[in-house]
Every structure is written in C-alpha cells, then in structure tokens.
Amino acid sequence: MASVDDDVIVLRKRQPKASQMKSVQAINAAQRQGLEIETSKKYAAGQNKQHVAAKNTAVLDRETEELRHETVGHDISRLIQQGRQAKGWTQKDLATQISEKQQVVNEYESGKAIPNQAVLAKLERALADLMRPRNTGQSAASEQSQ
C-alpha cells in the first residue's frame, strides 16, 4: 500500500539573479565554497570614454605639419565679388541665380570655402565673362607682344 507520506518532495532554492551574483558578498561566498570564478576586465566599462584623448595625442601634438583643406584663392574670391557687384546683385541674388545658399556665396567671396567645381561652374555661368581675366585664353608670347 502506498501512502501519501511515501512521495518524495524536493525543495530547491531559486537561482540568484545575475546582478546578485556580481555582488561582493556573492563572490566571497562562491570563493568559500570553492566554486570557479571567472573575472574579466572590460575596457572603459561604465564610463563615457568617447571624449577622452587617445594614446597617440602626444604624437599628433609633436607633429609639425599643418593639415588644412585648400580654400578658394584670394584672386578668385575677388573676381566673384567684383563680378557680382558689376551686375548690381547682392550675395542673396547671386545665390538665388546659382541655386545655392547665401552662406555659400559669402564663403566663396571671403575665401573660406573649399573649392567645389560644380559651384565654381555655376558661379562662372551666372557671372559670365566677368570672372575670367581678359588674357586667360592667350599664350604667353601673345601677351608680351601687346
């Protein structure tokens, strides 16, 4: 005859959560029990390291070469400004003519813009022959004869 008391009941503790297993007390308890503990150090764990200087900062500081983008030359910026003024346009009018922002024209006239051939071509079309110096297409020998 089987009675109710013959059934085996197994009681287990609930597994600890991952955050509980990382605590100092949990690590110490595991060490006392002789369990294997794996430790690994994560680089910049829990810190915002994206704005911290890199190792090579000193090397870059010692480098003497200046790295800059080439900008529009002074002569080209002056030609753009003179051509625009000859037509009686404001920077905004010229920008509207070439379908660009007024800031782009301002940067080209002040010499701060990085040359873009598409924008220069638009400026040349809008300002027609005013942008080209008179003797651009002639050879050096014909210039001396004049």
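This is a short talk about one protein chain and how its parts sit together.

Okay, hi everyone. Before anything else, keep in mind that what we're looking at is a predicted model.

Let's start with the overall picture. The chain has eight helices and zero strands, so if you read along the sequence you just get α-α-α-α-α-α-α-α. There are 146 residues, and 15% of them count as buried. What about contacts between parts of the chain that are separated in sequence? If you take contacts between residues at least 6 apart, 53% of them join residues at least 24 apart.

Now, the inside. The largest nonpolar core has 14 residues, and the ones touching the most other members are Ile80, Leu94, Ile98, Val105, Tyr108, Val119 and Leu123. Which helices feed this core? At least two residues each come from H5, which is 91–98, H6, which is 102–110, and H7, which is 117–127. H7 gives the largest share, with five residues.

Pick Val105 out of that list and look around it. Setting aside neighbours within four places in sequence, Val105 is in contact with Gln91, Leu94, Ala95 and Ile98.

Next, go to Leu127, which is in helix H7. Is Leu127 buried or exposed? It's buried, because its relative accessible area is 0%, and the cut-off for buried is under 20%. So who is around it? Not counting residues up to four places away in sequence, Leu127 touches Ile80, Gly83, Arg84, Lys87, Trp89 and Leu94. Take Arg84 from that set: Leu127 and Arg84 are 43 residues apart in sequence, but their C-alpha atoms are 6.8 Å apart in space.

Here's one to try on your screens: find Glu109, over in helix H6. You might look at a charged side chain and wonder where it sits. Glu109 counts as buried, because its relative accessibility is 9%. Its side chain makes a polar contact with the side chain of Gln91, at 2.8 Å. Beyond four places in sequence, Glu109 is in contact with Ser77, Ile80, Gln81, Arg84 and Gln91. You've heard some of those names already: Gln91 is also a contact of Val105, and Arg84 is also touched by Leu127.

For the opposite case, go to Ser99, in the loop between H5 and H6. Ser99 counts as exposed because its relative accessibility is 61%, and exposed means over 50%. There's a backbone detail here too: Ser99 has a positive phi of about 60 degrees, although it isn't a glycine.

Let's move to the other end of the numbering, to helix H2. How many of its ten residues are buried? The number is one, so H2 lies largely in the open. Right after H2 comes Gly34, with a positive phi near 85 degrees.

H2 also leads us to the largest pocket, with a volume of about 600 Å³. There are 17 lining residues, and closest to the pocket's centre are Met21, Lys22, Ile27, Ile37 and Glu38. Two elements give two or more residues to the lining: helix H1, 18–21, and helix H2, 24–33. The largest share comes from H2, with five residues. What's the mix by class? The lining has nine nonpolar, four polar and four charged residues.

To wrap up, there are two places to revisit: the core, where H7 supplies the largest share, and the largest pocket, where H2 supplies the largest share of the lining. Thanks, that's me done.

Technical notes. Residues numbered from 1 in each chain as written. Predicted model: local features only at pLDDT ≥ 70, side-chain atom pairs only at ≥ 80, totals over all residues. Heavy atoms only, no water. Core = buried A, V, L, I, M, F, W, Y, C linked by side-chain atoms within 4.5 Å. Buried < 20%, exposed > 50% of the residue type's maximum accessible area, 1.4 Å probe, protein only. Helix = DSSP H or I, 4+ residues; strand = E, 2+ residues; numbered from the N terminus. Contact = heavy atoms within 4.5 Å. 1 Å grid on protein atoms, 1.4 Å probe; cavity = no way out; pocket = protein on both sides within 12 Å on 5 of 7 lines; lining within 4 Å. Points joined across faces, edges and corners; volume = space filled by probe spheres on them. Nonpolar A, V, L, I, M, F, W, Y, C, P; charged D, E, K, R; others polar. Polar contact = N/O pair within 3.5 Å; in protein donor to acceptor, adjacent residues only side chain to side chain.
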